[in-house]
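These are my notebook entries on a structure that I went through step by step. I wrote down what I looked up and what I found each time.

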Protein chains: 2
Amino acid sequence: MNSIFWIVPLCSLVALFFAWIFFKSMMKSSEGTPRMIEIAQYVREGAMAYLYRQYKVVGMVFIILLLILLILAYLGVQNPFVPVAFLTGGFFSGLCGYLGMKTATYASARTAHGASKSLNQGLKVAFRSGAVMGLVVVGFGLLDIAAWYLFLNKVIFTPEHLTNGLHFLGLDFVHPGTTPEQKLVEITTTMLTFGMGASTQALFARVGGGIYTKAADVGADLVGKVEAGIPEDDPRNPATIADNVGDNVGDVAGMGADLYESYCGSILATAALGAALPAAALKATGMEQEMAVIAPMIVAAIGIIFSILGIFMVRTKETATQKNLLNALLLGTGGSSVFILLAMAVMAAIGWITWGVFGAVIIGLAAGVIIGQATEYYTSDEYKPTKGIANQAQQGPATTIIDGIAVGMYSTWIPVITIVLGIAGSYWAAGGFEHFAMGVYGIGFAAVGMLSTLGITLATDAFGPIADNAGGNAEMAELPKEVRERTDALDMLGNTTAATGKGFAIGSAALTAMALISAYMEEIRLWFGKIAKAGQGFVEIGEYVFYNDVAPAVHDSVKAIQISAASVKDFSAAYDITLFNPLFLGGIFVGSMMAFLFCAMTMKAVGRAAGAMVEEVRRQFREIKGIMEGKATPEYAKCVEISTRGAQREMLLPSLIAIIVPVAVGAVMGVAGVVGLLAGGLTSGFTLAVMLNNAGGAWDNAKKYIEKGNYGGKGSETHKAGVVGDTVGDPFKDTSGPSLNILIKLMTMVSVVMAGLTVTLSLM
Amino acid sequence: MNSIFWIVPLCSLVALFFAWIFFKSMMKSSEGTPRMIEIAQYVREGAMAYLYRQYKVVGMVFIILLLILLILAYLGVQNPFVPVAFLTGGFFSGLCGYLGMKTATYASARTAHGASKSLNQGLKVAFRSGAVMGLVVVGFGLLDIAAWYLFLNKVIFTPEHLTNGLHFLGLDFVHPGTTPEQKLVEITTTMLTFGMGASTQALFARVGGGIYTKAADVGADLVGKVEAGIPEDDPRNPATIADNVGDNVGDVAGMGADLYESYCGSILATAALGAALPAAALKATGMEQEMAVIAPMIVAAIGIIFSILGIFMVRTKETATQKNLLNALLLGTGGSSVFILLAMAVMAAIGWITWGVFGAVIIGLAAGVIIGQATEYYTSDEYKPTKGIANQAQQGPATTIIDGIAVGMYSTWIPVITIVLGIAGSYWAAGGFEHFAMGVYGIGFAAVGMLSTLGITLATDAFGPIADNAGGNAEMAELPKEVRERTDALDMLGNTTAATGKGFAIGSAALTAMALISAYMEEIRLWFGKIAKAGQGFVEIGEYVFYNDVAPAVHDSVKAIQISAASVKDFSAAYDITLFNPLFLGGIFVGSMMAFLFCAMTMKAVGRAAGAMVEEVRRQFREIKGIMEGKATPEYAKCVEISTRGAQREMLLPSLIAIIVPVAVGAVMGVAGVVGLLAGGLTSGFTLAVMLNNAGGAWDNAKKYIEKGNYGGKGSETHKAGVVGDTVGDPFKDTSGPSLNILIKLMTMVSVVMAGLTVTLSLM
């Protein structure tokens with residue numbers, strides 16, 4: 001093993017150390033008045049209660065999946081490490097969510113207290129707390145990767161085991177006679193599967209959190225703001241604590257789990273593609289096989305160091321204006337990106353990676369920035385699309401909705417074209433048509449590059465909801481108006497920096513999914529090699545696997561394996577992944593449908609959970625006397641409980657469908673169907689997610705634009721229409737849209753993990 | 001030429017003859033009171049004014065496209081017949097729209113007059129007028145096909161020209177030494193391109209008509225019904241004539257052009273696939289090549305006879321109830337379907353088609369019925385989904401919208417699964433993996449079978465809008481209330497039978513698109529054969545074309561052509577249509593985006609055109625004194641003019657994009673990109689269209705359900721929320737959704753026609 005690898009666990013520990021430092025420093029600052037502490041306590045308890053319940057449900061799902069994976073391992077169609085890898089992925093993802101949310105709930109009152117002194121003070125507390133989340137995610141993500149890599153290298157695939165094999169508990173851990181090349185493939189494909197644990201955890205976190213936060217939000221708004229006419233975050237509103245809890249479980253824990261999954265997924269997929277790089281491509285580009293595997297990890301490790309540097313760069317003078325703060329943040333994120341690029345240039349210069357791969361990363365970063373800017377254009381009230389929605393709101397809710405949906409649909413064109421150019425560009429830069437495998441490796445590396453500074457970009461994402469919560473705390477604790485204004489300013493600042501962050505998140509998700517689909521084919525090849533009997537055969541031409549019904553007499557770049565005629569037909573159906581295979585086209589259809597079906601389910605879930613919340617808030621206003629005069633305390637916990645229960649109940653079905661469908665498609669439609677499913681899910685899911693996110697964002701800001709006094713301002717008919725748009729947009733942008741990203745990757749991960757089963761069934 | 005072919009032109013003439021008979025018989029019935037005649041006159045003039053304007057704009061687009069096609073023909077990258085074929089397709093489609101609409105506008109007052117006597121009398125007039133539309137479409141469609149087939153067979157590809165070639169006006173019409181097999185391929189691929197003329201005409205008709213009808217509808221509703229509080233179709237409403245014109249141009253002319261295009265497209269695509277059936281497949285199944293080409297035309301011809309029979313079967317006693325009428329209609333459509341199946345069984349028994357193809361048609365018909373039933377379930381107020389929307393309307397417009405979108409998204413699953421099973425099933429039944437080309441031929445034939453009884457199914461579709469218009473006429477002419485009730489009953493009856501019709505339309509569109517994509521690959525192969533220089537080469541393995549970078553030393557089922565190394569790389573990129581070609585995946589992305597972008601454009605267009613209409617109606621109410629008291633006549637023509645101008649202006653951009661994008665993708669991303677574009681457009685477009693159609697239908701019926709007195713009935717807050725849903729649904733179900741069907745097929749047709757250009761560019 002190359003000793004440079006040790007930098008990976010080292011940097012992950014550095015990340016965790018600084019997370020601890022930032023946490024301690026945040027905890028040292030004052031939490032403010034007793035009232036502020038009390039409110040923060042309510043929110044913290046609600047959030048933790050939710051998380052415990054969530055983990056109980058997810059834990060049961062994990063146990064069931066674990067049992068299935070164990071059975072498959074004993075049947076010989078599953079790598080025996082997978083059940084454990086699956087568990088660690090899920091465990092660390094859950095741990096990050098727990099720690100990140102704990103930090104956020106401790107930080108809100110402290111941020112409000114900081115903001116009561118100065119804008120800069122508020123930023124410092126919120127941003128450092130966001131950084132805890134960022135560093136915990138990258139730290140544990142990379143630690144998990146490093147630990148597995150070391151364990152598999154040092155304990156399992158030892159030279160002795162490679163020669164003699166490792167048989168344990170009736171399972172075949174290492175085949176006797178495994179070559180060093182096969183060893184790297186085995187290690188990386190094993191590690192890839194821990195991504196399924198992270199994806200499963202992430203989907204539950206996103207869907208559950210998304211349902212929770214929107215049910216609480218809609219409940220608080222519809223009854224509190226609209227019916228009772230009391231302001232946002234008013235302590236008389238029974239759903240107000242649940243609403244603040246929602247920001248934590250949805251925007252903090254959900255987003256953390258999402259990006260944990262993207263981060264690990266991109267590194268693991270790229271490592272697996274690196275292990276599968278053919279000798280010819282390595283020879284032509286001068287890369288080493290082992291370095292191709294650990295290079296993405298090393299880039300991630302270096303990225304941690306520059307992220308921490310960037311976090312320290314975010315500081316301004318005490319009298320900082322909004323603009324100073326924004327520049328400080330941009331300096332931090334932009335600076336760490338520039339440094340990581342320089343570091344990669346050095347890696348390319350000494351031959352650890354190729355210049356082509358370096359080019360792929362630059363293309364990936366550019367794609368992320370462009371998508372972020374396009375998001376900003378279509379959702380900010382400074383530009384025509386959002387202003388147009390506000391204008392249409394004058395004619396009532398119907399035109400508001402039509403225009404918002406049209407804006408969301410329009411807004412898909414830049415991200416889609418950018419992603420197409422990004423995929424084709426990084427493919428071409430890294431390898432092109434000459435070295436297909438190197439090209440796909442480049443696509444994966446572009447995603448790794450985009451996420452390498454996640455430590456700081458996640459901090460800029462996460463401090464927004466913390467500031468939002470601080471605002472709630474300030475409102476309920478009746479702090480002076482200027483405190484609320486400052487936390488609002490921080491919240492808005494977060495939204496601005498988050499636009500680029502979102503571009504990176506969605507762009508890297510698409511690139512990672514593309515890399516994962518390629519990794520899926522590697523996995524299929526691997527399993528086919530293991531399962532196909534001697535005497536069966538197929539043909540590889542160039543980089544592709546094709547069925548051939550006669551003895552393959554082809555040139556030397558084609559490896560030929562003999563297979564029996566009996567399974568040839570199934571094999572053909574399974575591997576012939578062209579449009580003229582109806583199973584492939586059928587798969588694309590099903591993938592496209594899955595995106596819509598999943599959205600329908602999550603939207604319906606929000607509707608049902610919000611309905612229950614509306615009932616409860618109405619009941620409290622009706623039954624608890626003196627609540628409106630502020631004399632009686634509402635039953636906050638009851639609302640928290642209802643949102644929690646609703647989210648738990650509703651998140652199960654859509655999440656399970658995301659796990660079951662790829663397996664079912666694999667069983668019924670074979671490999672071609674699965675590849676079609678993943679392609680259709682990726683393309684439709686991406687487009688639909690952009691549409692939902694941007695329509696939701698544009699409605700939100702159109703409403704705010706009206707509230708600034710345009711077209712009649714607050715309370716006018718136009719404003720009412722704007723509120724309808726905003727309410728429709730809530731599940732679009734905070735539940736269904738963000739969940740689609742994970743749906744795409746989870747379906748791919750499940751396909752990868754279940755590849756052995758699919759191959760076995762296709763050969764039966 | 002097989003003499004059985006003469007049945008095709010004969011039956012097309014029979015269709016036109018009966019259309020003329022039905023038209024005459026309708027014209028003989030009385031148009032009612034002078035007031036009724038006057039109103040019908042207004043609507044007729046408005047509709048015709050629209051059509052003339054529409055054809056002027058479309059005519060200019062056709063002239064430009066004609067010039068481009070001529071230039072391409074002179075450059076040698078376009079078949080020299082294409083420009084003319086393109087024109088005839090467009091011309092006949094336009095003629096059908098003209099005749100169908102003329103009939104409909106003559107029939108409305110007569111239907112109202114008939115309904116003033118009895119329900120059955122009203123049905124008879126409306127249904128026979130709808131039948132004129134149905135028979136004109138199938139008659140001219142098949143006549144165009146037959147005329148071209150005869151002309152190419154008898155005049156162009158004569159034995160003498162096959163030997164010596166035909167060179168004329170500097171263009172190469174027939175290559176010297178063309179074999180009889182090549183002749184059939186040349187003829188069918190030439191004819192296929194007249195589908196592009198029909199598709200272009202259809203897209204303009206659907207988009208323009210859709211924008212017109214919704215602008216008028218929204219204008220009439222928002223100002224007339226909501227603001228002024230006067231009932232539907234009230235003569236005091238200035239937009240009421242425009243609204244009635246809209247039913248004609250949108251639901252009659254638009255739908256007619258749409259189905260003309262599907263009808264011709266399915267027959268032509270299947271004929272082209274028949275001409276390309278490899279000798280081995282024909283030998284194995286016992287079919288003849290020429291019969292494979294003319295079989296779809298013969299089935300269509302026989303279908304005409306049974307359609308006419310079915311039309312005569314639709315009659316009941318004078319005292320017929322609603323249920324009697326429905327049964328009569330179902331007997332007519334169902335009966336003709338059963339007869340056509342029997343006829344095809346006979347064809348299979350005597351070996352004109354295979355039993356496998358027969359099976360494919362049965363599977364196609366079953367798919368159509370299932371999709372129709374699913375549509376019924378998700379949009380009828382008798383079932384849970386639509387009732388659920390009405391229930392959610394109690395909580396206001398926002399929840400109405402969210403629930404409706406969720407219902408629309410949910411509703412995609414049955415149609416998608418059905419289409420996947422339909423494609424895979426008819427592929428498997430007709431040929432399966434053994435005879436790939438035969439399987440695809442079966443998919444095309446399934447679409448032909450579904451559309452073979454279009455003569456009568458289109459009649460059941462078209463009589464709904466005629467009855468709707470008759471209702472408007474009755475209202476404005478102040479006929480007794482029972483007349484309106486009868487026309488409403490007829491309208492509802494039309495909606496019920498139309499559900500299955502819609503299932504057939506959307507199902508056949510998907511199957512046709514699938515067949516067209518396969519025909520596209522045939523066209524690419526053909527052009528590659530013509531354009532690729534000697535010394536260049538590629539490999540076909542089985543049914544596929546693959547690039548091979550070494551001298552192909554492959555078995556005898558593989559034809560190998562030598563090509564130079566120079567163009568090998570481009571060729572590889574162009575033809576390597578697997579998911580691992582980033583251009584293919586990029587194409588899927590762009591196709592998916594196109595569906596969303598196109599919807600955004602058409603929705604925005606409706607918004608803008610409706611806005612202009614709202615302004616105008618408000619102006620008339622404000623400026624014309626005595627309008628509300630019924631003393632002054634509103635300026636109906638002004639509103640007609642505004643809708644017409646708005647529709648014409650707004651239809652250009654989306655339609656042109658649908659034509660330009662496939663060419664641009666072909667130029668930039670090659671063949672793989674185009675195939676990806678078509679696959680992505682088909683899958684996302686189909687899913688999105690189902691979602692839009694069903695969400696719109698469900699909102700419409702949820703509103704009607706509330707109006708029946710549920711949840712507070714008319715005038716309640718719940719009803720207002722329902723109206724918002726209905727208004728949002730209008731452009732969903734009547735503009736964007738239906739246009740998507742044509743978008744998919746037009747993009748495929750354009751790709752087929754521009755195949756020569758794409759191949760030339762890919763080889764440069």
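**Entry 1: Aromatic rings**

I began with the aromatic side chains and found that Phe17(A), Phe18(A), Phe22(A) and Phe312(A) together form one aromatic cluster. I kept in mind from the start that this is a predicted model. Over all chains I noted a count of 47 aromatic pairs. One of the pairs joins Tyr441(A) and Phe445(A), whose ring centres are 5.6 Å apart and whose planes stand at 75°, and this arrangement is edge-to-face.

I then asked where Tyr441(A) and Phe445(A) sit along the chain. Both belong to helix H16 (residues 436-451) of chain A, and because they are four residues apart in that helix, about one helical turn separates them. I also asked whether Tyr441(A) is buried or exposed. The relative accessible area of Tyr441(A) is 0%, so I entered Tyr441(A) as buried, and for Phe445(A) I likewise found a value of 0%, which means that Phe445(A) is buried.

In chain B I looked up Phe17(B) and Phe18(B), whose ring centres lie 5.6 Å apart with the planes at 85°, so I recorded this pair as edge-to-face. Phe17(B) has a relative accessibility of 44% and counts as partly exposed, while Phe18(B), at 21%, counts as partly exposed. The cut-off for buried is under 20%, so the value for Phe18(B) does not fall within it.

**Entry 2: A nonpolar patch on the surface**

Next I looked at the surface of chain A, where Ile63(A), Leu67(A), Leu70(A), Tyr74(A), Phe168(A) and Leu169(A) make a nonpolar patch of about 640 Å². Which helix gives the most to this patch? I found that helix H2 (residues 34-74) of chain A does, with four residues. Phe168(A), another member of the patch, is found in strand E1 (residues 166-168) of chain A.

**Entry 3: Salt bridges**

I turned to the charged side chains and noted 50 salt bridges over all chains. In one of them the side chains of Glu641(A) and Arg53(A) meet, with 3.2 Å from N to O. This pair links distant parts of the chain, for Glu641(A) is in helix H21 of chain A and Arg53(A) is in helix H2 of chain A, 588 residues apart. Glu641(A) is partly exposed at 31% relative accessibility, and Arg53(A) is partly exposed with a relative accessible area of 27%.

A second salt bridge that I looked up brings together the side chains of Lys733(A) and Asp700(A), at 3.8 Å from N to O. Lys733(A) lies in helix H22 (residues 717-753) of chain A and Asp700(A) in helix H21 of chain A, so the pair ties together parts that are 33 residues apart in sequence. Here I found Lys733(A) to be buried, with a relative accessible area of 16%, and Asp700(A) to be buried at 14%.

I then followed the charges around this pair and found a network of salt bridges that links Lys214(A), Asp217(A), Asp700(A), Lys704(A), Asp730(A), Lys733(A) and Asp734(A). Within the network I looked more carefully at Lys704(A), which has its place in helix H21 (residues 636-707) of chain A. Lys704(A) is partly exposed, with a relative accessible area of 37%.

For chain B I recorded a salt bridge between the side chains of Glu31(B) and Arg110(B), at 3.7 Å from N to O. Glu31(B) lies in the loop between helix H1 (7-28) and helix H2 (34-74) of chain B, and Arg110(B) lies in helix H3 (residues 82-115) of chain B, so the pair ties together parts that are 79 residues apart in sequence. Both Glu31(B) and Arg110(B) are buried.

**Entry 4: Confidence in the model**

Finally I checked how confident the prediction is, and found that the model scores ipTM 0.90 and pTM 0.91. Chain A averages a pLDDT of 85, and 92% of the residues score at least 70. Among the elements of chain A, helix H1 (residues 7-28) has the highest mean pLDDT, at 95, and strand E5 (residues 560-563) has the lowest, at 29. Over residues 533-574 of chain A the pLDDT stays under 50, although the model has 80 contacts for this stretch beyond four places in sequence. I added a caution for myself: where pLDDT is low, the predicted coordinates should not be read in detail.

Key:
Residues are numbered from 1 along each chain as its sequence is written. Chains are lettered from A and ligands numbered from 1 in the order in which they are written. Side-chain values use heavy atoms; hydrogens and water are left out. pLDDT is the predictor's confidence in each residue, from 0 to 100. Helices (H or I, at least four residues) and strands (E, at least two) are DSSP runs, numbered from the N terminus. Contact means heavy atoms within 4.5 Å. Rings of Phe, Tyr and Trp (its six-membered ring) pair if their centres lie within 6.5 Å; planes under 30 degrees apart count as stacked, over 60 as edge-to-face and the rest as tilted. Buried means under 20% relative accessible area, exposed over 50%, partly exposed in between (1.4 Å probe, protein chains only). Patches are made of residues with over 30% relative accessible area and no salt bridge: like charges are joined within 9 Å, nonpolar side chains (Val, Leu, Ile, Met, Phe, Trp, Tyr) within 5 Å. Accessible areas come from the Shrake-Rupley method with a 1.4 Å probe; for residues, only the protein chains shown count as cover. A salt bridge is a side-chain nitrogen of Lys or Arg within 4 Å of a carboxyl oxygen of Asp or Glu.
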